[in-house]
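Visitor: Hello! Could you walk me through this structure?

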Amino acid sequence: MRWLTLTLIVLITALQWPLWLGKGSWLRVWQLDTQVEEQRAANAVLVGRNAALDAEVRDLKQGSAAIEERARNELGMIKNNEVFFQLLDNTAHTATP
C-alpha cells in the first residue's frame, strides 16, 4: 500500500510539473500577460502622439494659418506693413548689489 501511495504521489508530481514550472506554465503566462498590458499602454501613448502629428500635418496641408504661425515663431518672419515689437524682461538683466 505504501508503494502505491508513493507511486501516485510521484505520478501526480510528474504531471503537475509542466503546469507550474514548464515552458507553458502559469508563471510564464502571467509574465506574458503583464508584458502585453505594458505594451498596450505604450501603444495607447503612441496612438495619441500619432493622432496629434496627423492633425498637424492635415492643418499644414490645408490651412495657411499654421504655416504663418510657424514662420512667425520659428523663423521670426513678419508680414509687409507690419510693425514688430520685442519686449525684454528687465528683471533678468538688472544686477543685484
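Visitor: Why are arginine 40 and glutamate 37 separated by about one helical turn?

Guide: Welcome! This is a predicted model, where local features need pLDDT of at least 70, side-chain atom pairs count only at pLDDT 80 or more, and totals for chains, interfaces and linings use all residues. Residues are numbered from 1 along each chain as its sequence is written, and side-chain values use heavy atoms, leaving out hydrogens and water. Helices are DSSP runs of H or I with at least four residues, numbered from the N terminus. Arginine 40 and glutamate 37 are about one helical turn apart because they lie three residues apart in helix H2.

Visitor: What is the N to O distance between the side chains of arginine 40 and glutamate 37?

Guide: Side chains of opposite charge can pair when their charged atoms come close. A salt bridge here is a side-chain nitrogen of Lys or Arg within 4 Å of a carboxyl oxygen of Asp or Glu. Arginine 40 and glutamate 37 meet in such a bridge, with an N to O distance of 3.2 Å.

Visitor: At roughly what angle do the axes of helix H2 and helix H3 cross?

Guide: Axes are lines fitted to C-alpha atoms, for helices over the stretch in contact (heavy atoms within 4.5 Å), and angles run from 0 to 180 degrees between N-to-C directions. The axes of H2 (residues 26–62) and H3 (residues 65–75) come within 6 Å and cross at roughly 100°.

Notes. Helices (H or I, at least four residues) and strands (E, at least two) are DSSP runs, numbered from the N terminus.
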